Amino acid sequence: DNSSEFISTCRTCRRQAREQSGEGDHHEGLSSDEELTPTEVDEFQKSKDNVLEDSRKIFEDVHADFCDIRKILLKFQEWKEKLPDSYCDAYISFCLPKLLNPLIRLQLISWNPLEQNFTELEEMPWFRAIEEFSDAENTSES
């Protein structure tokens, strides 16, 4: 296969160029195209920090009852218990994913499953709140 020969030749050329230039920090198996320069790493970290800082400001002027998933779901649970026909007619089960999407995405901005000490999705507070709401909804229906 010509493509595998081409890739092998490119790897050999890059390895020889690294050996001649004295670069010793290359990790075998990683493409040199995937390696980031320290400047690129710094720029990425600054950009990431800016995004995280901006994300903290998104809900700062919102009442606590409307930016906490658990509190939002409690309001829907109360609605369902007090006015079940109205709740059913409003197709709330179809609306909740769209309603909660921005809140969940905000909490997942800094989540990285490739980090060594990442939090499992099932352990996150928003996941537990939705799970409890779903269990309560299924219990009341049965």
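Colleague: In what order do the elements of the protein chain run from the N terminus on?
Modeller: This is a predicted model. Its protein chain holds 6 helices and 0 strands. From the N terminus on, the order is therefore α-α-α-α-α-α.

Colleague: What share of the residues in the protein chain is buried?
Modeller: Buried means under 20% relative accessible area. The protein chain has 142 residues, and the buried share of them is 15%.

Colleague: What part of the contacts with a separation of 6 or more joins residues 24 or more positions apart?
Modeller: Contact here means heavy atoms within 4.5 Å. Among contacts in the protein chain with a separation of 6 or more, the part from residues 24 or more positions apart is 50%.

Colleague: How many salt bridges does the count come to?
Modeller: Side chains of opposite charge can pair when their charged atoms come close. The cut-off is 4 Å from a Lys or Arg side-chain nitrogen to a carboxyl oxygen of Asp or Glu. With this rule, the number of salt bridges is 3.

Colleague: Which residue forms a salt bridge with Arg56?
Modeller: The closest N and O atoms of the pair are 3.0 Å apart. Arg56 is exposed at 55% relative accessible area, while its partner is partly exposed at 38%. The two sit 3 residues apart in helix 2 (residues 38–57), which means about one helical turn between them. The partner is Glu53.

Colleague: Why would residues with such a spacing point the same way?
Modeller: Residues three or four places apart do so because of the turn of an α-helix. The number of residues a turn is 3.6.

Colleague: How many residues apart are Asp65 and Lys75?
Modeller: The side chains of Asp65 and Lys75 meet in a salt bridge, 3.9 Å from N to O. Asp65 lies in the loop between helix 2 and helix 3 (69–82), and Lys75 lies in helix 3, so the pair links distant parts of the chain. Asp65 is partly exposed at 24%, and Lys75 is partly exposed at 39%. Their separation is 10 residues.

Colleague: Which helix holds Glu132, the salt-bridge partner of Arg70?
Modeller: Arg70 and Glu132 meet through their side chains at 2.6 Å, N to O. Arg70 lies in helix 3, so the pair ties together parts 62 residues apart in sequence. Both ends count as partly exposed, Arg70 at 35% and Glu132 at 45%. Glu132 belongs to helix 6 (residues 125–141).

Colleague: Is Gln77 buried or exposed?
Modeller: Gln77 has its place in helix 3. Leaving aside neighbours within four places in sequence, Gln77 is in contact with Phe133 and Ala136. Its relative accessibility is 11%, so Gln77 counts as buried.

Colleague: How many disulfides does the structure hold?
Modeller: A disulfide needs two cysteine sulfur atoms within 2.5 Å. Cys67 is partly exposed at 26% relative accessible area, and Cys88 is exposed at 51%. The number of disulfides in the structure is 0.

Colleague: Where does helix 5 bend?
Modeller: Helix 5 (residues 92–108) has 17 residues. From first C-alpha to last it reaches 24 Å, close to the 24 Å expected. The bend is about 40 degrees, and a proline, Pro102, follows within four residues. The bend is at Asn101.

Colleague: Which residues in helix 5 are buried?
Modeller: The threshold is a relative accessible area under 20%. In helix 5, the buried residues are Ile92, Leu96, Leu100, Leu103 and Ile104.

Colleague: How many aromatic pairs does a search of the whole structure find?
Modeller: Ring centres must lie within 6.5 Å to pair. With that limit, the search finds 5.

Colleague: What is the geometry of the Trp79 and Tyr87 pair?
Modeller: Trp79 is partly exposed at 28% relative accessibility, whereas Tyr87 is buried at 6%. Their ring centres are 5.6 Å apart. Their planes stand at 85 degrees, so the pair is edge-to-face.

Colleague: What is the geometry of the Tyr91 and Phe94 pair?
Modeller: The ring centres of Tyr91 and Phe94 are 6.1 Å apart. Tyr91 and Phe94 are exposed. Their planes stand at 40 degrees, so the pair is tilted.

Colleague: Which residues form one aromatic cluster with Phe76?
Modeller: One aromatic cluster includes Phe76. The other members are Trp79 and Tyr87.

Technical notes. Residues numbered from 1 in each chain as written. Predicted model: local features only at pLDDT ≥ 70, side-chain atom pairs only at ≥ 80, totals over all residues. Heavy atoms only, no water. Buried < 20%, exposed > 50% of the residue type's maximum accessible area, 1.4 Å probe, protein only. Expected span 1.5 Å × (residues − 1). Bend = angle between axes of the 7 residues up to and from the residue. Phe/Tyr/Trp six-rings, centres within 6.5 Å; stacked < 30°, edge-to-face > 60°.
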